[in-house]
Amino acid sequence: MLTARFLLAVMHLLALAIGIAAVYARGRALRRTTTAADLPDVFHADNWYGIAALIWVGSGLWRAFGGVEKGSDHYLESHWFIGKMGLFLLVLALELLPMITLIRWRMAFKKYNAIPLEKAPLLARLTFAQLPLLLLMVLMAAAMARGF
Ligand code: HEM
């Protein structure tokens with residue numbers, strides 16, 4: 001049956017598929033970036049990562065606090081949920097510099113301005129560093145969903 005609960009669960013898992021693929025693609029594109037001609041690939045992967053993040057957070061918060069799953073109290077008392085949110089904050093912290101830099105690069109790219117591409121390897125490392133944290137979040141999510 002197509003309930004909101006079911007649809008939100010589907011969206012949350014779709015975000016996982018899109019997000020993991022996008023973060024890997026952005027990391028690889030950044031690692032290969034040597035000229036401005038390489039940037040469209042980076043921006044393309046970054047667009048998908050942004051879409052995944054919106055779906056992740058939107059569906060996740062709705063599931064946790066919108067009364068469609070086990071209720072806010074259940075999650076706020078779950079160590080796995082707190083751990084998962086802690087990891088999410090770490091991912092956000094790692095994403096801060098790539099996010100700000102890529103917004104600047106997009107604006108410069110549109111205006112045909114020079115772009116300091118020597119930052120690309122650092123952004124690639126910061127992107128790849130998010131992958132194990134996201135995978136750990138999956139582990140915590142599975143434990144949290146089963147009330148461990
Ligand atoms: C603000 C961000 C997020 C919130 C509030 C959130 C919240 C939730 C909630 C409430 C559930 C339902 C658990 C249940 O069935 O009782 C869930 C499931 C899940 N979440 Fe998230 N989530 C967030 C981000 C993420 C991210 C970034 C990932 C992956 C890296 C993720 C992976 C999963 C997975 C795999 C499940 C399914 C677990 C299972 O049924 O085995 N979530 N999440």
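**The ligand shell and two selected residues**

Helix α6 makes the greatest contribution to the shell around the ligand, supplying six residues, where helices (H or I, at least four residues) are DSSP runs numbered from the N terminus. The structure is a predicted model, in which local features need pLDDT of at least 70 and side-chain atom pairs count only at pLDDT 80 or more, while totals for chains, interfaces and linings use all residues. Residues are numbered from 1 along each chain as its sequence is written, and side-chain values use heavy atoms, with hydrogens and water left out.

At least two residues of the shell come from each of α1 (4–31), α2, α4 (79–110) and α6 (130–145). The ligand is surrounded by 21 residues, of which H12, K70, Y75, K84 and R146 come nearest; a residue counts as near if one of its heavy atoms lies within 4 Å of the molecule. The shell comprises 14 nonpolar, two polar and five charged residues, with Ala, Val, Leu, Ile, Met, Phe, Trp, Tyr, Cys and Pro taken as nonpolar, Asp, Glu, Lys and Arg as charged, and the others, Gly among them, as polar.

Individual distances to the ligand were computed for several side chains. An N or O atom in the side chain of H12 is 2.8 Å from a nitrogen atom of the ligand, and a polar side-chain atom of K84 lies 2.6 Å from a ligand nitrogen atom. For R146, a polar side-chain atom is placed 2.7 Å from an oxygen atom of the ligand.

E69 is located in the loop between α2 (39–65) and α3 (72–76). With a relative accessible area of 19%, E69 is classed as buried, a class that requires under 20%, whereas exposed means over 50% and partly exposed lies in between (1.4 Å probe, protein chains only). The side chain of E69 forms a polar contact of 3.3 Å with that of R5 and another of 3.0 Å with that of R63, a polar contact being a pair of N or O atoms within 3.5 Å, of which, within protein, one must be able to donate a hydrogen and the other to accept it, and residues adjacent in sequence count only if both atoms are side-chain atoms. When neighbours within four places in sequence are left aside, E69 is in contact (heavy atoms within 4.5 Å) with R5, R63 and Y75.

L136 belongs to helix α6 and is partly exposed because its relative accessibility is 38%. Although L136 and G83 are 53 residues apart in sequence, their C-alpha atoms are 9.7 Å apart in space.
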